[in-house]
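Hi,

Here is the structure I said I'd pass on. Have a look first, and my notes are underneath.

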Amino acid sequence: MALDLQTWWFDPELPDCFIDGSGRSGIDIATFDRKTSAELSHAHADHRIKTHVTEWDRVDAILALKRSMQMRVDHLNSIYGFKQYPEFKQLGPLGLLEHWGVIRQRMLRRMRQLRNAVEHEGVEPPSIGECEDYAEVVWWFLRGTSPLLAPLDNLDFGGEFEGSVTYTYDPLKIVISGDISATLLSKDEQPGWVRLATEVAQYGDVKGKMTPIDIGNGSYRLEASVFDAGSAHHLLQRAFRYVL
């Protein structure tokens, strides 16, 4: 007879816990090539700015900067699957990255709008000084998002949570597994806490039983996954903060 999944809530701040280890995916050759392509587009823009003669050099620089940024956004989307998050429809890719605490998007959005105006509406390209500013903003964007190209696979914890959080991104699945203090779990919804779908224990003398299971000393054995992508915000922020 199948056991019904239960809904619990989990404190993502994990007070009185500490990170005891981590694992990350490596960068394969395809990832390295895509990373390099975005950087080469930026290098082309940088060269056009430094050696400019006419306004067409500035136009080309702005187009190359936009291309560099878009290549990185597309690359991140291929890893993290932006459209599965409910916030994406309203925020778009840059807004979603800002929502996760990865970037600040104001100057990047301005540059994107400028590129469209220059290419499609014949607007005068920005001055050399402004082009240099945009080149610096995109350089920081590439540098700041580069660590996310090697995604975090897991975080191991000690303290009030003796266990791990593992991450798979597209499709998203965040799994929480281990022994956890009762103070970090609730059967009732709590503001700011993460909604979980509990699962059956896979190991030990409680194997096959639905978790959370009271194991004494104010702790529970927990096997659970984050309920859905809309519930994952705080744990994604933790993963990205650790990587960045």
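Let me start with two rings: Phe-157 and Phe-161 are both buried. Their ring centres sit 5.7 Å apart with the planes at 35°, so the pair counts as tilted. Bear in mind that this is a predicted model.

There is more on the aromatic side, with 9 aromatic pairs in the structure. One to pull up is Tyr-80 with Tyr-169, an edge-to-face pair with 4.9 Å from centre to centre and 75° between the planes. It links distant parts of the chain, as Tyr-80 belongs to helix H2 (residues 55-80) and Tyr-169 to strand E4 (residues 161-169), 89 residues apart. Are these two buried or exposed? Tyr-80 has 2% relative accessibility, so it counts as buried, and Tyr-169, at 6%, counts as buried too. Both tyrosines also belong to one aromatic cluster, together with Phe-82, Tyr-85, Trp-100, Tyr-167 and Phe-240.

Now the helices. The axes of H1 (residues 29-50) and H5 (residues 128-145) come within 10 Å and cross at roughly 160°. With that angle over 145 degrees, H1 and H5 are therefore roughly antiparallel to each other. The crossing of H1 past H5 is left-handed.

Which residues meet there? From H1 you have Ala-38, Glu-39, His-42, Asp-46 and Ile-49, and across from them in H5 are Ile-128, Cys-131, Glu-132, Ala-135, Val-138, Trp-139 and Leu-142. Sorted by class, that contact has 8 nonpolar, 3 charged and 1 polar residues.

Cheers

Definitions and conventions
Residues are numbered from 1 along each chain as its sequence is written. This is a predicted model: local features need pLDDT of at least 70, side-chain atom pairs count only at pLDDT 80 or more; totals for chains, interfaces and linings use all residues. Side-chain values use heavy atoms; hydrogens and water are left out. Axes are lines fitted to C-alpha atoms, for helices over the stretch in contact, and angles run from 0 to 180 degrees between N-to-C directions. Helices (H or I, at least four residues) and strands (E, at least two) are DSSP runs, numbered from the N terminus. Angles under 35 degrees count as roughly parallel, over 145 as roughly antiparallel, 65 to 115 as roughly perpendicular and the rest as oblique. A crossing is left-handed if the near helix is turned anticlockwise from the far one by less than a right angle, and right-handed if clockwise. Contact means heavy atoms within 4.5 Å. Ala, Val, Leu, Ile, Met, Phe, Trp, Tyr, Cys and Pro count as nonpolar, Asp, Glu, Lys and Arg as charged, and the others, Gly among them, as polar. Rings of Phe, Tyr and Trp (its six-membered ring) pair if their centres lie within 6.5 Å; planes under 30 degrees apart count as stacked, over 60 as edge-to-face and the rest as tilted. Buried means under 20% relative accessible area, exposed over 50%, partly exposed in between (1.4 Å probe, protein chains only).
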